[in-house]
Amino acid sequence: MQFVLLLIGNLAIAQQDDNSKSIDRIIGAMNTKDATALLRMMADSATIGNLPKMNNQAAVPEILAKFSTISSFYIADQHKLANGDERIQLEVTYQDGKPGKPSFLFNRVGKIINLGIIKGRLKGNPEKALADAVGNAEQPKTLVIPFRLVNGLVYLESTVNGTKGYFQFDSGAPVVILRKKFVPAEQIRADVSVDFAGIGGQMQQVVWSAGNRLQIGGIVLNGLEAPVSEMDDMQLEDGSPIFGLLGIGVLKNYQFTLDYGRQELLLEKLDERGELLAKSIEKGPLLAQYPLRLKRHIPIVDIAIGGKMYPMGIDCGANANVLKKTLETELKPYIDFEEGEVDIKGVNGTSQGNRIAFLTHAKVGELDLQDMYTVITDQAIGGGTGHDALPIEGLLGTPFLNQYKMTVNFHKNTISFY
């Protein structure tokens with residue numbers, strides 16, 4: 001995690017008589033910016049606020065140089081912890097008139113082991129947090145998870161923090177994104193900020209959460225930290241709640257197969273080489289297998305239209321294919337436009353007035369593809385700029401994915417068709 005330093009406005013402390021006598025000396029050292037004196041009162045292993053362990057010899061002088069002088073103070077609370085350490089919290093008034101509540105934690109020999117005079121603003125890392133949770137998760141070697149197909153989108157039965165409902169399965173999202181409604185207030189981390197972008201762009205009003213429990217089939221993630229968004233109130237027709245988006249990172253240890261005919265998600269656990277760890281789930285005869293490549297978390301496959309190859313991202317969170325408007329003229333013989341326009345709703349807002357069509361005569365490898373419902377848009381596809389931009393001409397969603405049983409193996413970078 002990254003952090004920036006903020007002065008603590010309101011904290012808490014406690015202490016015993018002997019340690020309370022040190023407070024005058026501590027405040028004196030802070031007010032005179034005497035880092036040497038303050039360091040003598042600190043244990044070698046002392047931490048500062050909620051920040052990770054650092055080089056105190058360098059950090060303390062820098063912090064004191066920016067610290068406001070304390071005009072007055074009194075001990076608001078002192079108590080001994082179960083391990084024998086003692087915490088003292090002060091109520092202070094700074095020179096600019098602002099109040100504060102710095103705290104000091106002492107060990108048994110009276111040395112400061114936590115100097116609670118600043119607080120770090122941490123920055124959440126959604127992909128790392130999910131990877132950590134997946135690394136400790138319960139993960140069966142094979143799973144068959146029924147899903148519900150609603151308006152061309154896949155919804156997986158799940159349980160979040162004790163509530164049963166559904167996640168939208170979205171390979172355009174790398175991580176889990178929870179709806180705030182299903183995260184208890186005490187699990188929201190106000191001291192952690194998060195910036196989050198999906199395939200449609202930057203997401204707004206996102207906060208951080210910790211201690212979540214998530215179950216999808218036999219996969220169980222405990223203590224999951226994840227971004228939380230103020231999404232629109234969503235539920236299925238029968239009233240079942242939708243928890244948010246389940247990104248592809250949850251399945252990093254599996255190859256997955258989407259069977260739209262049976263409405264099942266087949267998961268088969270892999271070793272590091274991409275080989276199955278258990279007997280393969282029956283899928284029918286293998287028709288073809290082709291390479292794919294990954295950029296960020298998006299699998300990219302080439303499709304042929306009119307004898308020319310076009311790189312396309314695969315996104316099971318899209319209920320229509322999407323094609324860049326810049327290709328409209330070039331692919332005119334293969335685009336059968338329909339009447340009307342549609343809006344495209346992504347995490348970065350809604351793009352209006354997009355033409356709808358059917359993309360015809362497309363192939364993947366030697367496999368013919370049926371005419372595919374496609375939206376022609378000038379909306380930025382994939383987010384990112386420069387090196388982070390996705391090298392794709394569009395997205396292949398449900399109209400592509402429902403034509404065959406398709407198995408994606410991220411370890412081997414292959415897509416198989418059954």
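**Strands, cores and salt bridges**

V207 sits in strand 16 (residues 206–216) of this predicted model.

Reader: Let's start there. Is V207 buried, exposed or partly exposed?

Author: Buried would need a relative accessible area under 20%, and exposed one over 50%. V207 comes in at 26%, so the label is partly exposed.

Reader: Which residues is V207 in contact with, if I skip its neighbours within four places in sequence?

Author: One partner is I188, which is 19 residues away in sequence but 7.3 Å away in space, going C-alpha to C-alpha. With sequence neighbours within four places left aside, the contacts of V207 are I188, V194, A226, P227 and V228.

Reader: On to the inside. Which residues touch the most other members of the largest nonpolar core?

Author: As a general rule for soluble globular proteins, nonpolar side chains tend to be buried together. Here the largest nonpolar core counts 69 residues, and the ones touching the most other members are F169, F256, L258, L265 and F400.

Reader: Which strand gives this core its largest share?

Author: The largest share is five residues. They come from strand 17 (residues 219–229).

Reader: And how many residues are in the other core, the one that lies apart?

Author: That core includes A35, A37, L51 and F67. Its size is 30 residues.

Reader: Back to L258. Which residues is L258 in contact with, leaving aside neighbours within four places in sequence?

Author: Two of its partners, F169 and L265, are also on the list of core residues that touch the most other members. With close sequence neighbours set aside, the full set for L258 is F147, V154, F169, E264, L265, C316, L401, Y404, K405 and M406.

Reader: Is there empty space inside, and what is the volume of the largest cavity?

Author: Rolling a probe the size of a water molecule over the atoms shows where empty space is left. The structure has one cavity of 30 Å³ or more. The largest cavity has a volume of about 50 Å³.

Reader: How many residues of that cavity's lining are nonpolar, polar and charged?

Author: The lining is made of S171, I248, F256, L258, P299, I314, C316, L401, V408 and F410. Ser falls among the polar residues, since it is outside the nonpolar and charged groups. The split is nine nonpolar, one polar and no charged.

Reader: Now for charges. How far apart are the closest N and O atoms of R273 and D271?

Author: Side chains of opposite charge can pair when their charged atoms come close. The structure holds 17 salt bridges. In this one, R273 is exposed at 62% relative accessible area, whereas D271 is buried at 19%. Their closest N and O atoms are apart by 3.3 Å.

Reader: K308 forms a salt bridge with E330; how many residues apart in sequence are the parts that the pair ties together?

Author: The closest N and O atoms of K308 and E330 are 2.9 Å apart. K308 is in strand 24 (residues 308–314), while E330 is in the loop between strand 25 (321–324) and strand 26 (335–346), so the pair ties together parts whose separation in sequence is 22 residues.

Reader: Last one: which residues are joined into one network with R355?

Author: R355 makes a salt bridge with E328, with closest N and O atoms 3.5 Å apart. R355 is partly exposed at 34%, and E328 is buried at 18%. Salt bridges with shared partners put R355 in one network with K325 and E328.

Methods:
Residues numbered from 1 in each chain as written. Predicted model: local features only at pLDDT ≥ 70, side-chain atom pairs only at ≥ 80, totals over all residues. Heavy atoms only, no water. 1 Å grid on protein atoms, 1.4 Å probe; cavity = no way out; pocket = protein on both sides within 12 Å on 5 of 7 lines; lining within 4 Å. Points joined across faces, edges and corners; volume = space filled by probe spheres on them. Core = buried A, V, L, I, M, F, W, Y, C linked by side-chain atoms within 4.5 Å. Buried < 20%, exposed > 50% of the residue type's maximum accessible area, 1.4 Å probe, protein only. Helix = DSSP H or I, 4+ residues; strand = E, 2+ residues; numbered from the N terminus. Contact = heavy atoms within 4.5 Å. Salt bridge = Lys/Arg side-chain N within 4 Å of Asp/Glu carboxyl O.
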